[in-house]
Amino acid sequence: MEKIKEFFKTFLLFELLKGMALTGRYMFARKITVQFPEERTPQGFRFRGLHAQRRYANGEERCIGCKLCEAVCPALAIKIAVAEREDGTRRTTQYDIDLTKCIFCGFCEESCPVDAIVETRIFEYHGEKRGDLYYTKPMLLAIGDKHETQIAKDRAADSKYR
Amino acid sequence: MINIEIDGKLVETEQGSTVMDAAHKAGVYIPHFCYHKKLSISANCRMCLVEVEKAPKPLPACATPAADGMKVHTHSELAVKAQKGVMEFLLINHPLDCPICDQGGECQLQDVAMGYGGGESRYTEEKRVVSPKQIGELISTNEMSRCIQCTRCVRFGQEIAGIMELGMANRTEHAQIMSFVNSSVDSELSGNMIDLCPVGALTSKPFRYTARSWELSRRKSVSPHDGLGSNLAVHTKDNKVVRVVAAENEAVNECWISDKDRFSYEGLNSPERLTRPMIKQDGKWIEVDWAPALEYVANGLRQIASNAGAEHIAALATPHSTFEELYLLQKLLRGIGSGNVDYRLRQSDFSADGKQAGAPWLGMPVADINAADRFLIVGSFLRKDHPLLAQRIRQAVKHGAQANIVHAADDDLLMPVVNKAIIAPNELLNMLAQVLKALASEKQTALPAAVQQAVAAVTVTAAAGAIAQSLSGGQQVAVLLGNFAQQHPQAAQIGLLAEQIAALCAGRFGYLGEAANSVGAYLAGAVPFAGDVQGMNAAQMLSEPRKAYLLLNVEPELDMHNPQLAMNAMRAADMVVAMSAYKHHAMDYADVLLPVVPFSETSGTFVNTEGRAQSFKGAVKPLAEARPAWKVLRVLGNLLDVSGFDYDTSEAVRAEGLHTLSLDDKLGNRIAGVEINITADGNGAGLQRVSDVPIYSADALVRRAVSLQKTTDAAVPCVMLHGSELQKLGVVSGDTVKVSQGEASVQLTVQANNQLPPGTARVAAGHPATAALGAMFGTIEITTGHSTKQPENACQVAGHSVERA
């Protein structure tokens, strides 16, 4: 009995029709393809994209060079050097992130006691040479300055879960 | 012995020990801050509260004596509640600035808060703020708000350093750790307070913000400075030494190190470091590769050996060099036929050469110092020359020992001294003879005939009698000769008399080794009378100038007994090869500079003053083209075709030179065949020079330690005179006078110092300001009227410390 059933199924291209039916269903279903860059997927406030360094409202950089992010970074992508500034405060003289190493885990952001290093919503950046993705302190601060409004909004949204 | 139960573990502990000691024995950790095994118990942090059965309240483990049958719980509900409560109180006023605190990551408060504290704080009121203090160039007290008032630093000052430089002022919330008004912390052991501080209130100023503790690699090493051979933990980051802390060795340095050991690492990273071999050609220095530089040296030496004879080649080495370096240096010299090798650069009396039983050493293990009950310390700037040995003597004195001093300067030793004989340098021998004579009559023992004859003529003064009386009452007598006595022009006789004094009391006699490897250098044969080829000693090499000098880490104008003579000899020489880690004054007269590395960059061995051979490995790689001196000497040996120079490792050199690590039969202070001739010479015109080597000028490394050079101990030396001498000259403290010795003279600020005997003038050696003068002993003249410009110095600060002392 099984064998006969099998024979007819093969003969009448049942599997083919079944497959085509699925294709047909999707042919008329709502499309989910996003036409990047004209269209964009929605982003959560915890989106982990390109890094940025923030400043306080008075323009003072937040980073105090505690090196917790350097210590926690699983990809060893962060390199920091610290010295005493003339006013006696502890500041970084070097803060580099090698984005070719970075795995965007967000640990740096999580470990930062002053919310200085953050990951922004930016994900469409590129480098043409290998060195282009080696971000230094001025570059990170510039990103922070440019996107501070969005960054602050995201931190505020996340604050009640922290 | 009593039995006590801690957390269910039965331990046997001594009568009179505390619960904390018992817990330590049982391997149970009780959190604590103010308790430290080397300091007295204050029980003021309350962190070590534990539950003791039948006690109504939790008791502090550090201050509760263990009693038989006591049952202690460290993790019971009551104990945990107490610990949590104390922790919460301690954190009330502690700022939450761990991210910028240098102690972060190695902080006791952080660790204990993690282990025993609650999750979060209920305290929402304002925290107290303590104003920053300025207590010197070594310890940073910028964040005194972090202090939890454990008073370890205060107790350290009182009990270990011997002077209470920090204290706790005010009460309760206003309590603050501070120094006395406007004074800095100048103790030569002050850096230990940084280690002791369980929080980040006292941190290292030179290290400030350099690295976090988790970034550092830790390497064991041995101090290259004084004769003790303190064990160090060298912390490195990115192939650079960034910090040095104490490594515990109960038999040597306990858990302390001196500031010199701790902060001299700054000299390792000095911009003056020599990085490439250099040759002087037509008066100009050019950098070359190793091969041509060594060829140049080998050719030069070969030429001088064949033209003038090998005995015209001389080698001087500092006893801060490693055993391996010194062994190869003397082997090289002897290999090319010259015995002119010496490490005793500041010594002036060589009459005991070959007459001493072995290497001059401490005469006892360092740890035995604590057990001695009578000390006779002869000719030693004890605190500055041997900070930690002084500390051990201080502990012994605290436990009832009596210290007696025979010296030319009455510097404050920060311990009670029962008898002092402060005399001019040329009376040192006479004073010892008096002590010996008084002691012999006290003990009613006959002296050996030769000695008896020599001391017969002296008249015993009251001071000598008192010293003899003190010594004769002792069971464990230690007679110790300091650097000053070893550098004295009658050092051999002083040694002989001191040995006799010790023998009369059945005590021990020893030399406080000047440098990290003073004993090792002797054992390595870096003396002219060792081995088959004999030669000239350090003084002869200069008084009868040689044609070629090999300098191993030596800066002749600062390291030699007579810098004047040394410089003349160097300038007159055909060839001077300076093996040095630094570009220094040798640029003027040397022909070749070979960059060798300091202790942190080579493997090696130091044999400390008690004869303990301590080997260490390099902590970092050699800087640039600099190479370990033993490698340089090895290649030089090959180039000069000296046989037996095929070592692969420094261990192979040590194995050949040191044979075995049991050194007992190679150490010996017994002197035989030295005539005693007690005459006070040179009591003519002028003042007797008393010269110390300032603590931060003693060797090449520490001279370049920037922070140490800013301390009061590193101030430009003044000429110090007894007040009566000042009156005679008609000058007052602060005036500039002309100090002349022989043909040379320098301008120095004059300073009254009534701790000196009249008729003497204290002028430090080993400092550029006085390098133009001659020998460390002798007469100097002081003339006034040359009111040239005031030498730029910090003499007033130095004077201040003298007055306080």
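**Exercise 1. Taking stock of chain B**

Task: State what the secondary structure of chain B comes to in helices and strands, and explain why its radius of gyration agrees or disagrees with that of a compact globule.

Solution: The secondary structure of chain B comes to 24 helices and 32 strands, and these are read from a model that is predicted. The next step is to set the chain against the globule rule: a compact globule with 805 residues would have a radius of gyration near 28 Å, and because chain B has 28 Å, the two agree. The C-alpha trace of chain B spans about 90 × 65 × 60 Å along its principal axes. Of the 805 residues in this chain, 58% are buried. Finally, among the contacts in chain B with a separation of 6 or more, 74% are made by residues 24 or more positions apart.

**Exercise 2. Chain A and the globule rule**

Task: Say how many helices and strands there are in chain A, and decide whether the chain is more spread out than a compact globule or agrees with one.

Solution: Chain A has five helices and five strands, and along the sequence they follow the pattern α-α-β-α-β-β-α-β-β-α. For 162 residues the globule rule gives 15 Å, whereas the radius of gyration of chain A is 25 Å, which is well over that value, so the chain is more spread out than a compact globule. The span of its C-alpha trace along the principal axes is about 90 × 35 × 30 Å, and buried residues make up 22% of the 162 residues.

**Exercise 3. Where the two chains touch**

Task: Work out how many residues of chain B are in contact with chain A, and divide them into nonpolar, polar and charged.

Solution: Counting from both sides, six residues of chain B are in contact with ten residues of chain A. On the side of chain B that touches chain A, the residues divide into four nonpolar and two charged, with no polar residue.

**Exercise 4. A sheet of seven strands and its helices**

Task: Give the order of the strands in the open sheet of seven strands in chain B, find which strands stand at its edges, and name the helices that lie across its strands.

Solution: The order of this open sheet in chain B is β14-β13-β24-β23-β22-β15-β16, and its pairing is mixed. At the edges stand β14 (284-287) and β16 (341-342) of chain B, each with a single partner strand, so one side of each is left without a neighbour in the sheet. Within the sheet, strand β13 (residues 278-281) of chain B runs antiparallel to strand β24 (residues 592-595) of chain B, and two bridges join them; here Met278(B) stands opposite Leu593(B) in β24(B).

Turning to the helices, α7 (residues 290-307) of chain B lies across β13, β15, β22, β23 and β24 of chain B, and runs at about 130° to β24(B). Helix α8 (residues 323-335) of chain B lies across β15, β16 and β22 of chain B, at about 170° to β15(B).

**Exercise 5. A closer look at helix α8**

Task: Explain why the span of α8(B) agrees with its number of residues, and say how many of those residues are buried.

Solution: At 1.5 Å a residue, the 13 residues of α8(B) should span 18 Å, and since its end C-alpha atoms are 18 Å apart, the two values agree. The helix is mostly covered, with twelve of its 13 residues buried, and the buried residues include Phe323(B), Tyr327(B), Lys331(B) and Arg334(B). After α8(B) comes Gly337(B), which has a positive phi near 95°.

**Exercise 6. Two hairpins compared**

Task: For the hairpin of β7(B) and β8(B) and the hairpin of β29(B) and β30(B), state how many residues lie between the strands and which residue has a positive phi.

Solution: Strands β7 (residues 166-169) and β8 (residues 176-179) of chain B pair in the antiparallel sense over four bridges, and Gln176(B) in β8(B) is the bridge partner of Ala169(B). Six residues lie between these strands, and in the turn Asn170(B) has a positive phi of about 65°.

Strands β29 (residues 736-741) and β30 (residues 744-752) of chain B also pair in the antiparallel sense, over six bridges. Their hairpin has two residues between the strands, and Gly742(B) takes a positive phi near 65°. As a last step, β29(B) pairs in the antiparallel sense with strand β32 (residues 779-783) of chain B over three bridges, where Ile782(B) in β32(B) is the bridge partner of Val739(B).

Note on methods:
Residues numbered from 1 in each chain as written. Chains lettered and ligands numbered in written order. Predicted model: local features only at pLDDT ≥ 70, side-chain atom pairs only at ≥ 80, totals over all residues. Pairing = 2+ DSSP bridges. Rg over C-alpha atoms; globule rule 2.2 N^0.38 Å. Buried ≥ 20, exposed ≤ 12 C-beta atoms within 10 Å, placed from the backbone. Contact = placed C-beta atoms within 7 Å. Nonpolar A, V, L, I, M, F, W, Y, C, P; charged D, E, K, R; others polar. Axes fitted to C-alpha atoms, helices over the stretch in contact; angles between N-to-C directions. Expected span 1.5 Å × (residues − 1).
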